[in-house]
Structure formats: C-alpha cells, structure tokens
Amino acid sequence: MTAPSSAPIVRLRGVDKVFAARDGARTVALQGIDLDIAPGEFVSLIGPSGCGKSTLLRIIGDLVQATTGEVTVNGKPADRARRDRDYGMVFQAPVLFDWRSVEDNVRLPLEILGRDKAWRVERARQMLDLVDLGEFTKHMPYQLSGGMQQRVAIARALSFEPRILLMDEPFGALDEMTRERLNDEVLRIWEQTGTTIVFVTHSIPEAVFLSSRVVVMSPRPGRITKIVDIDLPRPRTDAIRESEAYFARITEVREALRAGGGHAGSGAGGAGGADGSGAGGDAGEAAGVAGTASARRTAAEGAVG
Ligand SMILES: Nc1ncnc2c1ncn2[C@@H]1O[C@H](COP(=O)(O)OP(=O)(O)OP(=O)(O)O)[C@@H](O)[C@H]1O
Ligand SMILES: [Mg+2]
C-alpha cells in the first residue's frame, strides 16, 4: 500500500456507515475506511455487489453522510466542497432532467456556473460529439436508450471540468466497443485536465487499465482489504492491454478480491466485462438516487456540483 506523497484531495479517516431501517434493522455498509487520494490520481473502487462502493462514493460527494469518521475534500468538509462545485458525478443509473433536451441537460452545470451562452452552446456540442451523440442534441431523454442516456450524463459531468469526478459504474450498461472508447476518452480528458477521478467498477480489467491505484473492498460490511498500485506506463494504449505487466496486475487484483471474500468479477481475457450483479443497481441504489422525486433532485444537484 503506497500512500500518495502530496497533500490528499480526498481524505477519509475511520469512516463507518450504518443504514437504519424504519423497523430498527441496521445495515453496516462501511467499516473503518481510511483512504487518501492525491490530486490528479485515478483511483478505482472494486468489490462485490453490496459492499458499499456507491455508498463510499456518495460519502465523498456529500450525498450521504458518514455515521462516524472524518471526510475532507480539497482541504475542507465534503459539504463545503459540494457547495463550491468541486465535484462532477456520474451515477450507476443516469440521472437526467426529463423535461430538458439532451443539449440542455449538458449545458445545465455551465448555466449554474454562469458561463456565457456562446460557451455553453459550444461546450455542449463538443461534449456530445465526444460521446457520439452529436445527432441527438435536440432529443428528450425518454427518446434515448439507457446507454445513450448514460453517455449524456457523462458528457454533462465532463462539461465543466470539475476538480473531482466521481463515477459510479458509468460504463456498465454500454457495449464493449463504446466502453473501451469511452475508457480512452476519460483517460485523455483526465490527462489533459489533471482532474482527480474516483471510479467504481465491477470489471477488474477496466480498473487496472484506467487506474493509478485500485482499492479492493471486502463483502459487507465494506472494508478496504488491499490497495494495488498500477505502475503501468502512461499513456495507456491498446498495447498495454496485451502486456504481461497488465495481466500480472489483473491477477493481483483478482487474488486480493478472492482473499477478501469477494468474487473475482470478469476474467483477464474479458476486458471490460462486468459481472452483471451490479449493473442494474440494487434496492439501495434505487432508494438512494432514483426512488423519489426529491432523491432524484438531490442526485441531480450533486451531478452538477
Ligand atoms: N439509502 C440506503 N438505505 C438503506 N440501505 C442502503 C442505502 N444505500 C445502500 N444501502 C445498503 O448498503 C449496502 C451497500 O450498498 P451500495 O449501494 O453502496 O453497494 P455497492 O457496492 O455499490 O453495490 P453494487 O455493486 O451492487 O452497486 C447494501 O447492503 C445496501 O442495501
Ligand atoms: Mg453501486
């Protein structure tokens, strides 16, 4: 486990999360999470379904409060970072405003940030081209497939170049080719902008390909069992996907998952293949993000800052 050397942009100390149901039942989702993320890192969280990955991401993004422990983002409490619009977020299920067109969804964070109109129009067009939706700018979300909606959400999160991008299985619903292309695009944007990315995935190959470190979590209650340094050269090219070193890291992450009691996810050969268990989100996901109008709104506000 290598600690990052510069002052962390995300600092978690002793974070526990306990969800209490109305009948008094308690779910311990996270236990004793300590994690430092350095500015400009690309960190992936991997672990079995229900181990608390989405919860951890939401705690960092201040959409869920830790039960105990300390959360510091950009040197300040997470709620302050959220108000300062330090975050961009992409959720497991796309959270779009149904009554706004595709381009108006992407422009929204730029409107909130007060960017001028010409820039908003230009930037939305650029971002939608990037995710291959240049022909769908005037469509409404309901006219798109689930994967297309997710690409709109990705375009929106990237549009304002946030300091920290929190991405929760953003590519789980996409076909393999689109997924690999968007992996490349996210890496390109990450390298160009120097943003910090915290990325949740079920795919070991995807985590290894993208990340500087992979954080391996145990089944619930989610704990960090290992952090694997991914010392592969950058830029990460297709040649890397075929290198010995890449497969060695995949094996290391898979073994760490097994040792922690998690299942291994997809194999080394199946780059990008999710294990499917989390692709649709679980009940907690539905309740936390898409379940009610107000939860949706909270999530969408989070999505824009
Ligand atoms: N709002 C909530 N209320 C109650 N329990 C919740 C809530 N959100 C999550 N949980 C519970 O916390 C645990 C962790 O959920 P979380 O969504 O963080 O898992 P995950 O690792 O993201 O899983 P997946 O890979 O399936 O998306 C689960 O047992 C879940 O039921
Ligand atoms: Mg999740």
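A residue counts as buried if 20 or more other C-beta atoms lie within 10 Å of its own, as exposed if 12 or fewer do, and as partly exposed in between, with C-beta atoms placed from the backbone. This is a predicted model, where local features need pLDDT of at least 70, side-chain atom pairs count only at pLDDT 80 or more, and totals for chains, interfaces and linings use all residues. Residues are numbered from 1 along each chain as its sequence is written.

Let's start with helix α4, residues 117-130 (helices are DSSP runs of H or I with at least four residues, strands are runs of E with at least two, and both are numbered from the N terminus). Its buried residues are Arg120, Arg123, Ala124, Met127 and Leu128. Looking down the axis of α4, these fall within an arc of 130° (the arc of the directions from the helix axis to the C-beta atoms), so they line one face of the helix. An α-helix has 3.6 residues a turn, so residues three or four places apart point the same way. Over on the other side of α4, Ala118, Trp119 and Glu122 are exposed. Just past the helix comes Asp132, with a positive phi near 65°.

Now for strand β3, residues 42-46: 5 of its 5 residues are buried, so the rest of the structure largely encloses it. Phe42, Ser44 and Ile46 are buried on one side, Val43 and Leu45 on the other. What runs alongside? β3 is joined to the parallel strand β8 (residues 196-200) by 4 bridges, where pairing takes at least two DSSP bridges. Here Leu45 sits opposite Val200. With strand β9 (residues 213-217), β3 also pairs in the parallel sense over 4 bridges, and Ser44 stands opposite Val214.

Key: Chains are lettered from A and ligands numbered from 1 in the order in which they are written.
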